[in-house]
Protein chains: 2
Amino acid sequence: MKRRSIIKGAALGLAMIASPVVAQDANYTIGVAIPAATHGFMGGLNYHARASIERLEATYPQLDFVLATSGDAGKMVNDIEDMVATRNIDALVVLPFESEPLTSPVQAVKEQGIWVTVVDRGLAVPGIEDLYVAGDNTGFGRTAGEYFAKTLKDGDNIVVLRGIPTTLDNERVDAFSAAIEGSGINVLDMQHGNWNRDDAFDVMQDFLSKFDDIDAVWAADDDMAVGVLEAISQAGRSEEMWVVGGAGMKEIIKRIMDGDPQLPVNVTYPPAQIATAIEMTALGLVSATPVSGRFIIGSQVITPENAEKFYFPDSPF
Amino acid sequence: MKRRSIIKGAALGLAMIASPVVAQDANYTIGVAIPAATHGFMGGLNYHARASIERLEATYPQLDFVLATSGDAGKMVNDIEDMVATRNIDALVVLPFESEPLTSPVQAVKEQGIWVTVVDRGLAVPGIEDLYVAGDNTGFGRTAGEYFAKTLKDGDNIVVLRGIPTTLDNERVDAFSAAIEGSGINVLDMQHGNWNRDDAFDVMQDFLSKFDDIDAVWAADDDMAVGVLEAISQAGRSEEMWVVGGAGMKEIIKRIMDGDPQLPVNVTYPPAQIATAIEMTALGLVSATPVSGRFIIGSQVITPENAEKFYFPDSPF
């Protein structure tokens with residue numbers, strides 16, 4: 001947000017109360033830079049970015065958007081530089097393709113007085129952005145763990161699939177482990193399925209050959225859950241165990257809605273967090289509402305009762 | 001948010017993209033319960049609550065609001081029970097008058113399936129609310145401390161006024177102290193002014209009689225800053241030291257805008273955080289945007305250059 005824009009924004013917020021029609025002569029352009037829809041979660045994120053932009057354009061005629069999707073960090077840097085040079089953006093919403101290569105270019109945007117919102121993956125230097133929006137990895141693990149602890153009995157057996165070895169994966173798994181502590185649940189094994197369908201299939205085949213009594217699986221991600229379910233199905237053991245994935249893939253949510261006993265619940269880590277980031281950035285331009293700070297979106301349990309709220313049939317994810 | 005409302009809300013968010021006019025047949029009522037405007041900060045908070053409600057009613061015809069202001073915890077509990085019983089609210093935004101007496105009543109609202117947003121003062125039991133919005137007390141102290149460390153020289157002398165002895169005050173002062181560590185600034189004394197103008201006047205008179213070389217004062221709150229400035233003025237030492245308050249009282253912001261050398265900057269702890277809470281709650285009803293979680297509004301430095309953004313001449317604060 002340039003200084004002049006900030007003042008216009010504050011004035012607009014107050015003016016709109018008295019005269020919402022007249023106030024719409026102040027125009028703002030918001031640049032949105034996100035990774036291309038190369039896999040399920042990013043497909044969902046692209047869908048929700050477009051949906052929120054359409055909603056905002058319909059609600060606030062004074063807002064314009066530039067959306068750029070990038071298949072690599074270099075293209076994202078170029079896209080952002082273009083937005084500043086040719087579209088004179090007032091605010092940037094960016095989900096950094098990678099932290100390191102995006103840090104200096106985004107810092108340069110900020111130094112020009114443009115509002116910066118960072119989503120999900122942080123930059124390598126703290127404090128650059130005005131607003132940070134992300135999911136809650138600790139809550140993601142804890143929420144899943146609480147469901148296991150509440151649902152299973154003392155002595156029941158589970159296996160766990162982990163993601164790519166990262167701090168993020170450690171936070172999730174540590175919180176899951178803490179939540180089941182004292183429940184009497186036996187964790188037979190934990191292996192990395194790397195948030196990948198095929199890797200998860202292989203890991204689960206190995207678990208199935210090693211353990212003849214498994215009551216439940218924490219697959220921790222819906223792409224991994226799909227691989228896990230396939231391995232269980234091929235082993236003919238679908239009646240034996242249930243599976244909890246995560247992030248709300250629509251095919252999984254549909255099965256929860258339909259009451260599939262093999263998929264009792266899911267835990268959110270919403271690709272729609274990009275919508276939250278875009279909406280809050282827009283709110284800061286059309287009103288005097290404070291929107292700088294840090295918003296951590298809570299992880300919620302999706303059950304057959306509330307699944308419809310989390311089901312987006314038009315989304316690719 | 002009742003379950004039926006959630007589904008309507010999700011459907012509405014998508015429907016509005018295609019047809020914003022038709023979609024406005026789904027109506028929601030948001031209850032807002034806040035303390036009465038008994039002092040400066042709460043006066044500002046009341047002003048910003050009303051301003052955001054007016055903005056939202058103008059923007060979204062499908063939203064209705066019930067605003068209740070309470071002079072004590074008992075009246076706030078009654079107001080909230082009335083909102084549920086007679087107005088059938090879909091969401092509650094509450095700044096608890098006190099944590100303990102509001103906890104069970106708000107929990108009862110949540111158990112009826114109504115969305116709950118809690119602002120600033122938390123409830124005594126964690127995890128009740130869907131959304132928590134608050135200022136950043138650590139950031140408030142750190143930001144002020146960074147300004148002192150950057151602006152003063154090795155060997156300069158300061159005095160500090162603290163608030164009412166609370167965890168909140170400790171967080172602020174600890175962060176301030178950490179930020180000036182290693183700067184060579186001498187903290188001559190710290191005393192509690194209890195966020196009160198008269199107490200701060202007395203504390204500052206005492207400091208002025210004890211110390212004949214003071215370069216700056218961290219008053220940590222604009223009500224205390226007013227008392228401190230009066231004591232300095234009566235001692236005829238206004239040329240000698242500058243003062244940093246906090247929270248953005250409009251008289252202080254005006255003097256910063258005007259370049260008063262005695263008041264170089266201020267640090268935000270915005271009463272407009274109630275607007276953030278109301279706006280985000282509304283967003284969750286009119287769209288499919290995820291708004292559950294925890295939003296901590298960052299503390300910003302107000303300077304002569306950006307003060308206009310933080311100046312609300314129509315607000316009582």
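A residue is called buried under 20% relative accessible area, exposed over 50%, and partly exposed in between. In this predicted model, that scale is applied below to individual residues of chain A. A:Asn194 has a relative accessible area of 26% and is therefore partly exposed.

A:Asn194 sits in a loop of chain A that joins strand E7 (186-192) to helix H7 (197-210). The phi angle of A:Asn194 is positive, at about 60 degrees, although the residue is not a glycine. A positive phi in a residue other than glycine is also found at A:Ala247, where the value is near 100 degrees. A:Ala247 likewise belongs to a loop, in this case the one between strand E9 (242-244) and helix H9 (250-257) of chain A. The relative accessibility of A:Ala247 is 10%, so this residue counts as buried, whereas A:Asn194 is partly exposed.

The overall architecture of chain A comprises 10 helices and 12 strands. The C-alpha trace of chain A spans about 70 × 40 × 35 Å along its principal axes. A compact globule of 317 residues would have a radius of gyration near 20 Å, and the 22 Å found for chain A agrees with this. Of the 317 residues of chain A, 59% count as buried. Contacts in chain A between residues at least 6 apart in sequence were also examined, and 73% of them join residues at least 24 apart.

The surface that chain A exposes amounts to about 12,100 Å², of which carbon and sulfur atoms supply 48%. Chain A carries 23 positive and 44 negative charges, and the mean positions of the two sets are 7 Å apart.

Two further residues of chain A were considered together with their contacts. A:Thr29 is part of strand E1, which covers residues 28-35. With a relative accessibility of 12%, A:Thr29 counts as buried. When residues up to four places away in sequence are not counted, A:Thr29 touches A:Asp64, A:Val66, A:Arg87, A:Ile89, A:Asp90 and A:Ala91.

A:Tyr311 is located in the segment that follows strand E12 (301-302) of chain A. Its relative accessible area of 21% means that A:Tyr311 is partly exposed, because the limit for a buried residue is under 20%. With neighbours within four places in sequence left aside, A:Tyr311 is in contact with A:Lys250, A:Ile253, A:Lys254 and A:Met257. One of these partners, A:Met257, is 54 residues from A:Tyr311 along the chain, and the C-alpha atoms of the two residues are separated by 8.7 Å. Helix H9 of chain A spans residues 250-257.

The relation between the two chains was examined by superposition. A turn of 180 degrees, with a shift of 0.0 Å along the axis, lays chain B on chain A with an RMSD of 0.0 Å. This is the relation of a two-fold axis. The residue of chain B that comes closest to the rotation axis is B:Phe295, with its C-alpha at 2.1 Å. Of the interface residues of chain B, 100% are also interface residues in chain A, and the copies therefore meet through the same surface.

Notes: Residues numbered from 1 in each chain as written. Chains lettered and ligands numbered in written order. Predicted model: local features only at pLDDT ≥ 70, side-chain atom pairs only at ≥ 80, totals over all residues. Heavy atoms only, no water. Least-squares fit on C-alpha atoms with pLDDT ≥ 70 in both. Contact = heavy atoms within 4.5 Å. Helix = DSSP H or I, 4+ residues; strand = E, 2+ residues; numbered from the N terminus. Rg over C-alpha atoms; globule rule 2.2 N^0.38 Å. Buried < 20%, exposed > 50% of the residue type's maximum accessible area, 1.4 Å probe, protein only. Areas by Shrake-Rupley, 256 points an atom, 1.4 Å probe, with all protein chains shown as cover. Lys, Arg positive; Asp, Glu negative; His and termini not counted. Charge placed at Lys NZ, Arg CZ, Asp CG, Glu CD.
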